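Please open the model in your viewer and keep the selection panel at hand. The tour below moves from one selection to the next and says what is found at each stop.

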Amino acid sequence: MTTEQFIHQLLDTAKKRGLSEAEIYLSSGDSFRAMSQQGALSNYTVNSTRGLSLRGIYNGKMGYAATEAFDEEAIDMLISGVMESALLTEDDSFQQIYQGDEHYPEMDCYNPELDKVEEKRKIDFLLSLEPMAKAKDPRIVQLSYNVISTSSGQVRIVNTHGLDLEAKDNIAYAYASAVAKEGERVATGMGMTISRDFDKLDAEKVVNDATEEALFMLAAEPVPSGTYRCIIENRCMPDLLSVFSGVFSAENAQKGLSLLAGKEGEMIASSAVTLMDDPLMQDGLTSQPFDAEGVACFPKAVIENGTFTTLLHNLKTARKAGCKSTGNAAKSGFAGTVRVSPTNFYFRPGEKSLAELMDDMQDGLVITEVSGLHAGANAISGDFSLIAQGYTVKGGKKEKAVDRITVAGNFFQLLKNIRAVGGDLLFPGSSTGSPSVDIGEIAVAGK
Amino acid sequence: MLSEQLAAKVLAEAVKTGGDFAEIFLEDRLNHSLSMLSGKVETVNSLRLHGAGVRVFSGTQGIYVYTNDTTEAGLIACARRAAGAILDGKGAQVHPLSWQDTKNIHPILLRPDQVKSARKVEKMRAAQAALKQYDEIAQAAVSYSDSLQRVWIANTEGLFTGDTRVYTRFFVNAIASNGTENQTGSASPGAMQGFEIFDHRIDPEACAHKAARQAITMLHAPLCPAGVMPVVIDNGFGGVIFHEACGHSLEATSVAPGNSEFCGKLGRKVASDKVTAIDDGTLPNEWGSLNIDDEGTPTTRLVLIENGILKNYMIDKLNARKMGMPITGSSRRQGYMYAPTSRMRNTYIAAGNDDEAEIISSMGDGLYAKAMGGGSVEPSTGKFNFSVQEGYLVKDGKIAHPVRGASLIGRGSEILPLIDRVGKDMQMAQGMCGSQSGSVPTNVGQPMIRVSSMTVGGR
């Protein structure tokens, strides 16, 4: 059975078996990933996959089921699964399959040239990194992780209202983690490059970023415990924002899982803060013309000059709140249920460079990396306590490398304490971005 | 289902360009999950995963290609793509396949796909009802999941085998709130077992009480002070500290490329005499157990550290070639989308001889971490970070009061020698462990242990 035949047979059978509305979400993709260790190719993975989920209204309720097998057995399993799911679900909110919008934005997230790049070129790029890194300094002993990846994906939504949408994208990236050694001391540093144009992947940048950080961190020591003036760099702030992005979801708010519920219109951040969700951004990693429910996407400010303007909505949360969907319906993979998620999510850049922020701060800490986010951050309370590294700043200048400290605080308090947002907006290989941010003060546990 | 004839064809195709070993892994998996929020069934999901992966080696190079298209044409195409990446291999001897039955050491009494969903909902309601007794619990999420995974594995060494794995797990998450602050508590037991898990292993109400008590205790707890102090870590999920800080560094994925702080330390003292640590896939029906690993090798019990001396690493086929050491039956993968590699199974610090009451009464001032949260580690440096889900400040050997927001930070190799007490009551707890070959079920475990000095992050 071809995919096209499968789709039509599935929707026809769904109607016959009593689903009043039904929708297919089909995602397919091809990807290539290679990894090298100690100068040789150690891992090489190629795949082509497809997955399909069916959701439908049965007895007035929405049910879900999904499959990777496209056979007769799958058709029965999907429809029975949707019916059982709809019957057991006690969600009494009104649910719908979307009729579609009048207009959808034109997007350019797919570069056909990228899919034509030969695998040998990708491997050559990958293998060029370690010799370059080692040539930088004798203390660079190896790249511990060294990866190149290209992928292309396609999403299609077809429903019984006649909606039939399709979007396609692709991307290439490479990253490396350099290991520096001096005596008993070991330190690592990361470098990354990402583009939809293979010729724009920048090996020099990956190697420079990774080796410079690893070498700098060799001398790292904890600082004494205490409260410090603090800037979080643009390569680190997105990690923190990403962990707490769930608080802006209307779904979480309606379930009582967000402390921002009902706070629209209030000042929740310092006036220096504007937080954007922009699905139409050029070269964004989550740029898309429509969301997982087929609603047309558009850019919006979630916080504007400190004022909380809107939660992010899908159709269901919007209906409950009496507003319109913000086009933020999302699925984690083809099989997920429809949730709410930001797209390209970032603090709007201000004017100052990192050097100027440091000059304003004079003495304090700059944090360049936090780890342990899935354990040390509570997305509900906003509390975080994370391993961090970075460097001290004295008289406005970068001073000594710092590691093995924990920084602790509360995300909501941090938003209010922000003194300045820099101009150096960065998306460090993710769809969450930020400039460097002066967050005022932070509690540090060190030596 | 993978036929012998098709497997043989695919393997032959995979080594055509000079690969010296090839393997095919085919998986068909049915996942069923239900979730309930504040007493209402919120989602009911069924998912059928289906696909296959072909792996080819040439020396220490490993190529992996996978697809959902498991027709003959699809699998042959997959094998060709894998073969296409081998440039100058020495070639393989392809042995004829002979089916090898898998000995089942994990009896399943009631397959979850044969249990009506309504019965699964009943178990969730029982937990939900128990949570209702707590006024301060503002929100409760209860969920249930089961999985029936069938795998077939064949390789050019003539191995042709398969297995059926059944997993059942139950989750309770309670959120305590006072209007301005929220704290969470949780319980999430599971096993390689069918629905009979509810007869003796999982008590939904007990899970609810545990989660609620934890959340409420933390809601009333002041913030933990930061500093360096003795730390007592309780049994069960406390074992996550060994899992993250040491276990990952003993996997061949870290050791073979030289990224582990335990490289070259076999036979050397890496921990205090009191520490014996084991990774065991043979424990009947345990969450991290197996019959065969994902390369088709029967699972094993492996002593990692014995009385402080490093004894073994966990090694898969590809890394065995790189390290020149034998495989240990602990090669695992989330599913067909991942090439398998060395992973932990049920990993625990074995019971010792110290009395639990004495461990605390003799610690002076410090932190008692009764329940751990998750954590992470950077294998090349061994740096780790764990959140303490439920912690208590100890003053002069007596538990003073609960504290929240604590985290434990340090380095694996620095902490192991500082373990100065190991209690008698070893318990295990369930988790999903994420690494190169995806997310796999693993047990962590330990008795109560004490670390004489550790950095505690707090505020």
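What follows is a walk through a predicted model, beginning with a whole chain and ending at a single residue.

**Chain A as a whole.** Select chain A and colour it by secondary structure, which comes to eleven helices and 19 strands. Its C-alpha trace spans about 75 × 55 × 35 Å along the principal axes. The radius of gyration of chain A is 24 Å, which agrees with the value near 22 Å that a compact globule of 447 residues would have. Buried residues make up 50% of the 447 residues in chain A, and of the contacts in this chain between residues at least 6 apart in sequence, 70% join residues at least 24 apart.

**The two domains of chain A.** Next, colour the two assigned domains separately, taking 112-151 + 167-217 for domain 1 and 226-241 + 349-445 for domain 2. The C-alpha centres of domain 1 and domain 2 of chain A lie 25 Å apart. Where they meet, six residues of domain 1 of chain A are in contact with five residues of domain 2 of chain A. On the domain 1 side, strand 5 (164-182), strand 6 and helix 5 (203-217) of chain A each supply at least two residues, and by class that side has six nonpolar, no polar and no charged residues.

**Where chain A touches chain B.** Now show both chains and select the contact between them, which takes 54 residues from chain A and 56 residues from chain B. Among the elements of chain A that give two or more residues to its side are strand 2 (40-58), strand 3 (61-67), helix 2 (72-88) and strand 19 (437-445). Strand 2 of chain A gives the most to this side, with ten residues. By class, the chain A side has 22 nonpolar, 24 polar and eight charged residues.

Stay with both chains and select strand 3 of chain A together with strand 2 (residues 40-58) of chain B; the two run parallel and are joined by four bridges. To find one of the pairings, label Ala65(A), whose bridge partner in strand 2 of chain B is Ser46(B).

**A sheet in chain B.** Hide chain A and select the six strands of chain B that form an open sheet in the order 12-11-10-15-22-21, with mixed pairing. Its edge strands are strand 12 (309-310) and strand 21 (427-435) of chain B, each of which pairs on one side only. Within the sheet, strand 10 (residues 277-280) and strand 11 (residues 301-306) of chain B run antiparallel and are joined by four bridges; Asp279(B) stands opposite Leu302(B) in strand 11 of chain B.

**Helix 5 of chain B.** Select residues 204-219 of chain B, the 16 residues of helix 5, whose end C-alpha atoms are 23 Å apart, in agreement with the 22 Å expected at 1.5 Å a residue. The buried residues of this helix include Pro204(B), Cys207(B), His209(B), Gln214(B), Met218(B) and Leu219(B).

**One residue to finish.** Finally, centre the view on Met36(B), which lies in strand 1 (residues 21-37) of chain B. Why does Met36(B) count as buried? Met36(B) has 22 C-beta neighbours inside 10 Å, and 20 or more are needed for a residue to be called buried. Leaving aside its neighbours within four places in sequence, Met36(B) is in contact with Val41(B), Glu42(B), Met124(B), Gln128(B), Val142(B) and Ser143(B). For a last distance, draw a line from Met36(B) to Gly51(B): these residues are 15 apart in sequence, and their C-alpha atoms are 30 Å apart in space.

Key:
Residues numbered from 1 in each chain as written. Chains lettered and ligands numbered in written order. Predicted model: local features only at pLDDT ≥ 70, side-chain atom pairs only at ≥ 80, totals over all residues. Expected span 1.5 Å × (residues − 1). Buried ≥ 20, exposed ≤ 12 C-beta atoms within 10 Å, placed from the backbone. Contact = placed C-beta atoms within 7 Å. Nonpolar A, V, L, I, M, F, W, Y, C, P; charged D, E, K, R; others polar. Pairing = 2+ DSSP bridges. Rg over C-alpha atoms; globule rule 2.2 N^0.38 Å. Domains from an automatic or database assignment.
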